[in-house]
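Student: Could we go through this one together, checking each label against its cut-off?

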Amino acid sequence: MGRTKEDATIGIIGMGDMGKMYANRLSAAGWRPENYESLKQEFASQQGVTIFPNGHLVSRISDFIVYSVEAGVIDKVVAQYGPSTKLGAIVGGQTSCKAPELAAFDKHLPADVEIVSCHSLHGPKVNTQGQPLVLIQHRASDESLKFVEHILSSFGSKHVYLTGEMHDRITADTQAVTHAAFLSMGTAWQANNQFPWEHGRWVGGIENVKINITLRIYSNKWHVYAGLAILNPAAKQQIRQYAESVTELYKLMIGGHREELKRRVKAAGASVFKAGTEGQDLLLKDEVLDQFSLSNRPREKSPPNSHLSLLAIVDCWSKLGIVPYDHMICSTPLFRLWLGVTEYLFRNDDLLNEALDTAIDDTTFRSDDLEFTFAARAWSDCVSFGDFESYRHRFERIAEYFAPRFPEAATLGNQMMKTILEKTTSNK
Ligand SMILES: NC(=O)C1=CN([C@@H]2O[C@H](COP(=O)(O)OP(=O)(O)OC[C@H]3O[C@@H](n4cnc5c(N)ncnc54)[C@H](OP(=O)(O)O)[C@@H]3O)[C@@H](O)[C@H]2O)C=CC1
Ligand SMILES: O=C(O)C(=O)Cc1ccc(O)cc1
């Protein structure tokens with residue numbers, strides 16, 4: 001095909017946070033930026049104007065085009081610009097869910113266009129170096145896959161080769177279920193009208209991760225979370241199992257079924273955290289976890305917690321036959337933290353027994369766990385019904401409650417992510 005890295009023109013459709021990050025990285029790496037730069041300047045002076053005609057322009061001139069728009073509009077946008085794609089070009093997308101994206105490409109792109117899609121498994125402010133970058137050779141020659149790899153090599157990310165279907169099955173867990181758990185924590189705290197770090201029960205260790213990640217999610221754009229959950233065919237089932245695990249464990253707790261609760265949770269733990277891995281280094285450690293508290297109470301004053309959210313994710317993984325370590329290839333920073341705190345609880349027998357006994361004996365957690373159970377089921381229903389507007393409504397209502405705390409949480413959360421992520425790579 002005679003395409004070389006040096007004379008390729010790269011087009012990005014959708015100049016939001018991720019599109020801009022891609023554009024900055026690719027031009028900074030020495031790609032011919034003139035077409036992109038002129039487009040950007042042109043758009044910069046047209047604030048608030050939808051830039052439809054330039055999507056055609058980008059498509060016409062580019063050898064590799066990346067669609068970086070909201071997952072919910074991908075079909076519409078590809079239908080619009082896809083037919084203008086340059087003869088023989090390669091097209092990819094950076095949306096978080098591949099089923100609708102690849103279906104849109106198959107449907108709307110001319111037959112002479114090849115398809116190599118991608119997905120950077122991190123947010124726009126995270127350093128791309130060493131993070132997983134999924135590449136999907138959907139309808140393309142090996143040569144074209146190499147070409148795309150070459151273009152994206154400047155990210156320094158770790159290339160992971162998957163089909164669209166495998167991508168969606170794994171990210172349903174690493175992203176959609178992970179988000180469902182944190183979204184539910186925020187919903188429960190809001191329902192009980194409490195900022196958890198101002199409450200004696202939530203300070204230190206695992207609690208810091210729960211709080212900082214929850215606030216981080218609610219301070220972001222709702223459509224990213226809605227899109228990757230609602231549009232992913234595998235996510236509904238996995239989120240439903242999570243809600244069922246939460247509900248069933250909660251019923252064992254309020255029924256006082258200590259032995260059954262312990263047996264079930266420990267059996268799940270044994271299937272997820274296999275024997276023989278006990279000696280492995282934990283992803284997270286106390287010293288690290290304790291540095292990032294929004295509360296000013298010392299750790300010793302922090303009473304034990306039932307950790308329903310963590311018990312339930314392990315039950316859920318076990319019921320679905322998921323080994324979360326296998327999913328590290330598609331792990332986002334949030335997923336590594338989530339797995340890190342879960343492992344921290346399950347690889348410490350004393351801590352796990354304390355959580356299980358607290359769940360049975362300490363009724364102070366009942367109302368929090370009740371709200372958490374309602375919330376997990378409500379988010380699961382919301383995703384199953386596939387209704388973007390009600391997702392948005394729920395998300396924004398809770399985000400509004402936490403909004404005054406976003407600035408302090410962001411500062412601390414960023415430090416926490418940086419420190420913890422240095423210790424939790426996706427290589428484990
Ligand atoms: N944010 C994240 O952490 C990550 C997001 N992703 C995925 O990347 C994609 C983009 O997300 P993100 O950048 O965060 O979201 P943004 O909302 O910041 O960006 C989406 C962009 O698409 C543009 N757009 C929508 N329709 C059109 C159109 N017809 N023509 C041209 N541009 C259009 C929007 O423009 P306008 O605002 O003018 O409507 C907006 O600038 C999503 O699919 C998301 O799932 C992937 C990895 C991480
Ligand atoms: O790490 C997470 O789960 C995030 O919330 C950031 C994010 C959002 C969407 C993606 O497709 C990839 C990463």
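Tutor: Sure. A residue is near a molecule if one of its heavy atoms lies within 4 Å of it. By that rule, 24 residues surround ligand 1, and bear in mind that the model is predicted.

Student: Which of them are closest to ligand 1?

Tutor: Met18, Val69, Ser96, Lys221 and His223.

Student: What makes the approach of lysine 221 to ligand 1 a polar contact?

Tutor: The cut-off for a pair of N or O atoms is 3.5 Å. A polar side-chain atom of lysine 221 lies 2.6 Å from an oxygen atom of ligand 1, so the pair qualifies. Valine 69 gets there with a backbone N or O atom, also at 2.6 Å from a ligand oxygen. For alanine 71 the value is 3.4 Å, again from a polar backbone atom, and that is still within 3.5 Å.

Student: Why is the pairing of lysine 221 with aspartate 17 called a salt bridge?

Tutor: The rule wants a Lys or Arg side-chain nitrogen within 4 Å of an Asp or Glu carboxyl oxygen. Here the closest N and O atoms are 2.5 Å apart, so the name fits.

Student: How many salt bridges are there between domain 1 and domain 2?

Tutor: One, alongside five residue pairs in polar contact. On the side of domain 1 that touches domain 2, ten residues are nonpolar, six polar and four charged.

Student: And how much area is buried between domain 1 and domain 2?

Tutor: About 1,600 Å², with carbon and sulfur atoms giving 66% of that.

Methods. Residues numbered from 1 in each chain as written. Chains lettered and ligands numbered in written order. Predicted model: local features only at pLDDT ≥ 70, side-chain atom pairs only at ≥ 80, totals over all residues. Heavy atoms only, no water. Buried area = accessible area lost by both parts, 1.4 Å probe. Polar contact = N/O pair within 3.5 Å; in protein donor to acceptor, adjacent residues only side chain to side chain. Nonpolar A, V, L, I, M, F, W, Y, C, P; charged D, E, K, R; others polar.
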